[in-house]
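I opened a fresh notebook page for this one. My plan was to pick a spot, look around, and write down what turned up.

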Amino acid sequence: MPEAFSRSDREVAPVPVERARGAYIQVLVGPDEGAPNFFLRKFTLEPGGHIPLHRHATIEHEQYVLRGRMRLVLDGEAREVGAGDAVFIPAGVAHSYANVGDEPVEFLCIVPKTDDYATEWLE
């Protein structure tokens with residue numbers, strides 16, 4: 001049985017997001033911490049930061065915006081989301097993120113642990 005724990009996001013070094021500009025990821029909880037089923041990740045987008053359009057054929061995402069406002073594109077439809085907004089991205093939906101503001105954006109993203117997590121980059 002996994003052991004319960006807690007920790008601060010300040011204890012996890014941010015890592016640049018693949019193919020992105022001004023975007024960082026921190027894995028806060030995952031299999032390395034004993035979580036058998038999900039990853040809890042925190043993303044930070046600096047002003048002008050961008051994660052290009054991509055999709056995951058078999059992975060859904062649940063997200064919650066902690067800070068800032070960003071433009072999110074879901075299957076070609078742009079929308080603005082900000083602090084306090086929750087987002088659901090079904091498997092197969094193409095999505096991208098852009099911080100068009102002047103303050104960092106921070107959001108949490110929960111995805112299931114799977115052996116076939118794959119990213120298809122579309123731009």
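**Entry 1: Q26.** I began with Q26, which I found in strand β2. Keep in mind that this is a predicted model. Is Q26 buried or exposed? At 7% relative accessibility, Q26 counts as buried, because the cut-off for buried is under 20%. Next I looked up what Q26 is in contact with, leaving aside neighbours within four places in sequence. On my list went D9, V12, A13 and P14, and then L40, R41, K42 and T44.

**Entry 2: the nonpolar core.** I moved on to the largest nonpolar core, which has 21 residues. Which of them touch the most other members? I noted F43, L45, I51, M70, Y97 and F107. Then I checked where the core residues come from: β2 (21-29), β3, β5 (69-74), β7 (86-89) and β9 each supply at least two. The largest share is from β9, with 4 residues.

I took a longer look at L45. Not counting residues up to four places away in sequence, L45 touches G22, A23, H50, I51, M70, Y97, A98, N99, P104, V105 and F107. Several of these names were already on my page: I51, M70, Y97 and F107 are among the core residues that touch the most other members.

**Entry 3: the largest pocket.** I looked up the volume of the largest pocket and wrote down about 230 Å³. How many residues line it? I got 17, with V17, R41, F43, H54 and Y117 lying nearest the centre. I recognised R41 from the contacts of Q26, and F43 from the core.

Which strand gives the most to the lining? My answer was β3, with 4 residues. At least two lining residues each come from β3 (38-55), β4 (61-67), β8 (95-98) and β9 (105-112). Sorted by class, the lining has 9 nonpolar, 6 polar and 2 charged residues.

**Entry 4: salt bridges.** Side chains of opposite charge can pair when their charged atoms come close. I wanted to know how many salt bridges the structure holds, and the count was 8. I went through three of them.

The side chains of R55 and E120 meet at 2.9 Å, N to O. This pair links distant parts of the chain, with R55 in strand β3 and E120 in strand β10 (residues 120-121), 65 residues apart. R55 counts as partly exposed, at 29% relative accessibility. E120 also counts as partly exposed, at 40%.

After that I turned to R67, and found its side chain meeting that of E103 in a salt bridge at 3.9 Å, N to O. E103 lies in the loop between β8 and β9 while R67 is in strand β4, so the pair ties together parts that are 36 residues apart in sequence. With a relative accessible area of 39%, E103 is partly exposed, and R67 is partly exposed too, at 34%.

R67 forms a salt bridge with E106 as well, where the closest N and O atoms are 3.6 Å apart. Here strand β9, holding E106, is linked to strand β4, holding R67, across 39 residues of chain. Is E106 buried or exposed? I wrote down buried, at 17% relative accessible area.

My last look was at how these bridges connect. Salt bridges that share partners join D9, K42, R67, E103 and E106 into one network. That took me back to my first entry, since D9 and K42 are both in contact with Q26.

Methods: Residues are numbered from 1 along each chain as its sequence is written. This is a predicted model: local features need pLDDT of at least 70, side-chain atom pairs count only at pLDDT 80 or more; totals for chains, interfaces and linings use all residues. Side-chain values use heavy atoms; hydrogens and water are left out. On a 1 Å grid over the protein atoms alone, a cavity is a set of points where a 1.4 Å probe fits but cannot get out, and a pocket is an open set with protein on both sides within 12 Å along at least five of seven lines; lining residues have an atom within 4 Å of a point. Grid points are joined across faces, edges and corners, and a volume is the space filled by probe spheres set on the points. Ala, Val, Leu, Ile, Met, Phe, Trp, Tyr, Cys and Pro count as nonpolar, Asp, Glu, Lys and Arg as charged, and the others, Gly among them, as polar. A salt bridge is a side-chain nitrogen of Lys or Arg within 4 Å of a carboxyl oxygen of Asp or Glu. Buried means under 20% relative accessible area, exposed over 50%, partly exposed in between (1.4 Å probe, protein chains only). A nonpolar core is a set of buried Ala, Val, Leu, Ile, Met, Phe, Trp, Tyr and Cys residues joined through side-chain atoms within 4.5 Å. Contact means heavy atoms within 4.5 Å.
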